[in-house]
Amino acid sequence: MSHRNTRSSINRLPTLESLTSRRYHGFRRPYLHSCLQPLTMEQELIDIECYRKIVKNYIDLRRYQTALFWAEKVTVLSNGEPRDVYWEAQCMFLLREFQRAAHTIRSRGLEKTNLLCHYLAAECLNEAKEYQSALEILNAVDCETLSCALSGRIGASTMSSMKDDSVTDESDGSVYEEPYRTDIIASVYFLKGKILESMDNRSLAMDCYVQALHKSVYCTEALDALVQHDMLMAWEEKELIQHIPMVQQCTEPERKVLKRLYESKLKKYYESIAMQANLDDPPVSSMNTSLWHELKEKMKNCKNNETSKSSISKSFTPAPRPKQKQSEIMSPANKILEDLKNNPSYLIHTSLTRASLLGTSITGGTTLLSVGGTNNSRQETPFRINRPKINSGTTTVHYEQCMDKLESSIDLMIARAEKYFYSCDYRRCIKMLEEILKNDPYHKRSLTVQIGCLMEMKDCNRLFYVAHKLVDFYPDDAISWYAVGCYYDLIGKSDPARRYLSKATALDRLYGPAWLAYGHSFAKENEHDQAMAAYFKATQLMRGCHLPLLYIGVECGLTKNHAMAEKFFYQAMSIAPLDVFVLHELGVIKYECEHYECAEEVFRSTLEMVRTMVKQNNEQLTARWEPLLNNLGHCCRKNKKYDEALEFHRWALSLKPLNAATYTAIGFVQALMGQLYDAVDSFHKSLSLKRDDVFTTTILKYVIEDLTEEQTLPFYSAEGVDEEEDDEKESDKTELSKDESKVSVKVDTRNEPEGDSEEVSGSVPRSTMRMQLNFDDWYTKTSPMSDTSADDMSIDI
């Protein structure tokens, strides 16, 4: 009896055989009693590895609070092993307790010794919006030299002695093989880029994104940050895709697949042309060669587009910015142009070279380059990640079959939809978007394109439905309130549109489309200063996009600052040389500066490019291009090409039949050609559509007076006619001067000599004098961009 009680009260220790056969997963178990016990006795043991599996299982089940409960117990039982601390902080991060997670890691100093803890601590502080503290963690140590071992028994010295073909221990996860280590380091660089971008240090952020993509070509978030935020020019994006080390990190079929997927993310709304010496031929065969050379030279002078690799060594250290004179006061527009011209342009070759100099293997023992400096001790060494041979089985797919299947993936489908949108093929675009959103109704990139497409199609009902749905499901996302602002902008309510667009920019300061739409809401109300302020902000955020520069130029043109507007248009053309909207607005400025021949040449080239684009879409010209045809008709009229002017105006009328301004323009040309009866008919049609138009009413009165003077009345004597004619001339002059002061319509005698006037009007020279009214002063009162799209991807002329 006593012997039985004695045996039951003794805790048995593990035998020697159990000690040698059982794996302890990298940590030693303490004895339960300090006193010596016989080895033959049994002991009740707690397996901590079982609790670790419980933690991971509940994380997979998204029961983060339960996982945190057991993770904290595992940390206590293992005496704060790095892997247990990491998983405890990971549970806190998933519960959005960012400060607590960062303190858990930093209190043990693991952010300076372990790579995963280093990355997680910085990401926690970034999510808590403590950007400076997060950046200090990332800059304190070199992530290339940190250990990936999460077990206490494996230190940095052990890791540095390992080879590239290290094998992952799946049972304890303490050592990571080289491909996974490079993914962690790439994530660290990407996180650093996000932090720098949040701190408005976009140049260094671009550098970090390129380094992340160079470290791991599969880090698509880095490419999305560069492309979606318009950080790179179009030619820089292509340079990046060509120089990232796909060959070293992928097999040949994987490289082809990756290149196809990445190329689908690049810019699609203009042809990317780097300013090189071999671009002697104009983009359109009908364009005058001398005009193209003039445009190209001005594009070169407005911005430094240097792309040669010889300047790489000079670009590591930014060039000092020239000091301005203290007495010189610059306008915001001049300051933007000066910054764009004087600041050294970002060179993609610089980041690629710096990324290739980074340590890329565990055995290298290299250190990260400090920003703005060089490390001459490090040499560029090619590396290759060793991957196991692919065995044919159920998980392998043939390359051609793989590419066919990928064509139905969301990313490639949205790429085709974007291409349709930028080609102004909205019907095919909306059809493709419906197919995408049928499978994934909340895909944000597709919804962004859909919002722009609905704006262009003026479909306010569907836009209201989309905006309402987004606000219900994503109330904290900028795209939701961007859609609401676009809806109110479409229905003509500018005040609520500004309020919601301002909320979108507050939720995401880097969301470029919201800034552009915010500027459009001011531009429609002719509040040019506020509109340009929003466009200036968009210019800072969207370095690789030409649209903010285009909109600033339009606002400068509306304020009659033609020289400044022309500079901004050339600046936009240095980014997008073949954009038809930029060319059209440049033609408008040439026209307002009275360079009519040059304006006509630009408009004709723009029309040729538009017709080519429409022909590729198997469509006809739509009402969107009606202003282009009318403007081309005005240029032909100014250049005395009345037949062509009449043809272009009638072409514009066929695109948009109920346009009063087009009927007025047709009547004006007909009056100049002496077809007064047809002119009266055209003016009456215009007034039937817009009866309160002052200019049409005034010019119609003059034409009718000239018609009455053509018919001589027999019961009047010749002397009386002469006297009345003299009195009528004087009264007409005074009345004309009064009308001019009221409607800003003045007599233009500079471009119409007397000989031409007699030739046009025939036997009635006095009517021609009245027809030389400056119709274009009235016509250009309204903005050429008065119906701008709220999306950043297109505009209305």
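**Helix pair α22 and α23**

I began with the contact between α22 and α23 in this predicted model. On the α22 side I listed Y426, C429, I430, L433, I436 and L437. Facing them in α23 I found S446, L447, V449, Q450, C453, L454 and E456. Sorted by class, the contact of α22 with α23 holds ten nonpolar residues, two polar ones and one charged one.

I then looked up the geometry of the pair. Helix α22 covers residues 426–439, and its axis comes within 10 Å of that of α23. The two axes cross at roughly 145°, and I noted the crossing of α22 and α23 as left-handed.

**E456 and its partner**

I followed E456 further, as it is among the α23 residues that meet α22. Which residue forms a salt bridge with E456? I found R624, with the closest N and O atoms 2.3 Å apart. E456 belongs to helix α23, residues 444–456, while R624 sits in the loop between α32 (596–616) and α33 (626–638). The pair is 168 residues apart and links distant parts of the chain.

Buried or exposed, I asked of R624? R624 has a relative accessible area of 10%, so I entered it as buried. E456 comes to 16%, which is under the 20% cut-off, and therefore also counts as buried.

**Other salt bridges**

I counted 32 salt bridges. I looked up E407 and R260 next; their side chains meet at 3.4 Å, N to O. E407 is in the loop between α20 (399–406) and α21 (410–422), and R260 is in helix α15, residues 252–263. I put their separation down as 147 residues, again a link between distant parts of the chain. E407 has a relative accessible area of 28% and is therefore partly exposed. R260, at 29% relative accessibility, is partly exposed too.

The third pair I checked was E81 with R52, a salt bridge at 4.0 Å, N to O. Here E81 lies in the loop between α4 (64–77) and α5 (82–94), and R52 lies in helix α3, residues 48–60. These two are 29 residues apart. I found both E81 and R52 buried.

I also traced a network: E49, R52, E81, R83 and D84 are joined by salt bridges that share partners.

**I54 in α3**

Staying with helix α3, I looked at I54. Its relative accessible area is 28%, so I54 is partly exposed. I compared its position with that of W70: the two are 16 residues apart in sequence, and their C-alpha atoms are 7.5 Å apart in space.

**Cores**

I turned to the nonpolar cores. The largest has 117 residues. Which residues have the most contacts inside it? I recorded C429, I451, Y482 and W625. C429 is also one of the α22 residues in the contact with α23. The helix giving the most to this core is α32, with nine residues. Apart from it I found another core, of 64 residues, including C124, L125, L191 and A205.

**Whole chain**

I closed with the totals. The chain has 797 residues, and 51% of them are buried. How many helices and strands are there? I counted 41 helices and zero strands. Of the contacts with a separation of 6 or more, 65% are between residues 24 or more positions apart.

Terms used
Residues are numbered from 1 along each chain as its sequence is written. This is a predicted model: local features need pLDDT of at least 70, side-chain atom pairs count only at pLDDT 80 or more; totals for chains, interfaces and linings use all residues. Side-chain values use heavy atoms; hydrogens and water are left out. Helices (H or I, at least four residues) and strands (E, at least two) are DSSP runs, numbered from the N terminus. Buried means under 20% relative accessible area, exposed over 50%, partly exposed in between (1.4 Å probe, protein chains only). Axes are lines fitted to C-alpha atoms, for helices over the stretch in contact, and angles run from 0 to 180 degrees between N-to-C directions. A crossing is left-handed if the near helix is turned anticlockwise from the far one by less than a right angle, and right-handed if clockwise. Contact means heavy atoms within 4.5 Å. Ala, Val, Leu, Ile, Met, Phe, Trp, Tyr, Cys and Pro count as nonpolar, Asp, Glu, Lys and Arg as charged, and the others, Gly among them, as polar. A nonpolar core is a set of buried Ala, Val, Leu, Ile, Met, Phe, Trp, Tyr and Cys residues joined through side-chain atoms within 4.5 Å.
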